[in-house]
Amino acid sequence: MIHIEWQRVLPILISIGVIIAVGVGRQFSRTFAVIAATMPLNVALGIFIIGSASEPRDDLVGFIGGLIIGLLPTYCFLFVAYFAARAGWHYVAVLGAGYLTWGVLLIVMLLVQRSLH
């Protein structure tokens with residue numbers, strides 16, 4: 001009999017479901033597509049995985065604190081992508097500029113975090 005480790009499979013299935021929901025939903029409602037794309041599913045799945053895998057609450061608290069720190073580069077990704085799109089850039093350039101900004105700020109945030117500990 002096959003044993004399925006739902007703790008590993010569930011995040012993948014939910015991520016696929018979100019991608020499908022955004023793709024299909026954008027044809028019916030831009031609002032639905034935006035809501036589906038911005039739901040904190042990965043955050044919730046990460047908390048579920050860390051929370052169910054570790055007993056000490058310090059691990060979970062540290063993980064959630066890391067998520068908070070990681071959101072700043074993500075917001076900056078969105079701002080850069082928004083202004084690049086408004087400037088008429090091709091979507092590939094919009095994503096490239098957004099990810100470049102995200103990556104640089106993530107490295108800066110990790111260096112700041114490391115220096116504080």
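Trainee: From the N terminus on, how do the elements of the chain run?
Mentor: Keep in mind that we're looking at a predicted model. The chain has five helices and zero strands. So, going by how helices are counted, the order from the N terminus is α-α-α-α-α.

Trainee: What radius of gyration does the chain have, next to a compact globule of 117 residues?
Mentor: Start with the box: along the principal axes, the C-alpha atoms fill roughly 50 × 45 × 25 Å. A compact globule of 117 residues would come out near 13 Å, but this chain has a radius of gyration of 17 Å.

Trainee: What share of the residues is buried?
Mentor: To count as buried, a residue needs under 20% relative accessible area. The chain exposes about 9,100 Å², with carbon and sulfur atoms supplying 72% of that. Of the 117 residues, the buried ones make up 15%.

Trainee: Let's zoom in on helix 4. How far does it reach from its first C-alpha to its last?
Mentor: Helix 4 covers residues 57-86, which is 30 residues. At 1.5 Å a residue you'd expect 44 Å, and the helix comes close to that, with a reach of 44 Å.

Trainee: Where in helix 4 is the kink?
Mentor: Look for the proline, Pro 73. Shortly before it, the helix bends by about 25 degrees, and the residue at that kink is Leu 71.

Trainee: Which helices help cover the buried residues of helix 4?
Mentor: First find the buried ones: Leu 60, Pro 73, Phe 77, Ala 81 and Ala 84. Residues three or four places apart in an α-helix point the same way, because there are 3.6 residues a turn. What covers the buried residues of helix 4 includes helix 3 (41-53) and helix 5 (91-116).

Trainee: And what do the buried residues of helix 5 pack against?
Mentor: Helix 5 has 26 residues and reaches 37 Å, close to the 38 Å expected. Its buried residues are Val 94, Ala 97, Gly 98 and Gly 103. They pack against helix 4.

Trainee: I see rings there too. Why is the pair of Phe 77 and Tyr 99 called edge-to-face?
Mentor: The structure holds three aromatic pairs. In this one the ring centres are 4.9 Å apart, and planes over 60 degrees apart count as edge-to-face. The planes of Phe 77 and Tyr 99 sit at 65 degrees, so the pair is edge-to-face.

Trainee: How many residues apart are Phe 77 and Tyr 99?
Mentor: This pair links distant parts of the chain, with Phe 77 in helix 4 and Tyr 99 in helix 5. Together with Trp 102, they form one aromatic cluster. Along the chain, Phe 77 and Tyr 99 are 22 residues apart.

Trainee: Is Tyr 99 buried or exposed?
Mentor: Its partner Phe 77 is buried, with a relative accessible area of 14%. Exposed means over 50%. Tyr 99 has 52%, so Tyr 99 is exposed.

Trainee: Where is the place of Glu 55, and is this residue buried or exposed?
Mentor: Glu 55 is in the loop between helix 3 and helix 4. The cut-off for exposed is over 50%. At 70% relative accessibility, Glu 55 counts as exposed.

Trainee: How far apart in space are Glu 55 and Ile 16?
Mentor: In sequence, Glu 55 and Ile 16 are 39 residues apart. C-alpha to C-alpha, the distance between Glu 55 and Ile 16 is 29 Å.

Definitions and conventions. Residues numbered from 1 in each chain as written. Predicted model: local features only at pLDDT ≥ 70, side-chain atom pairs only at ≥ 80, totals over all residues. Heavy atoms only, no water. Helix = DSSP H or I, 4+ residues; strand = E, 2+ residues; numbered from the N terminus. Expected span 1.5 Å × (residues − 1). Bend = angle between axes of the 7 residues up to and from the residue. Buried < 20%, exposed > 50% of the residue type's maximum accessible area, 1.4 Å probe, protein only. Contact = heavy atoms within 4.5 Å. Rg over C-alpha atoms; globule rule 2.2 N^0.38 Å. Areas by Shrake-Rupley, 256 points an atom, 1.4 Å probe, with all protein chains shown as cover. Phe/Tyr/Trp six-rings, centres within 6.5 Å; stacked < 30°, edge-to-face > 60°.
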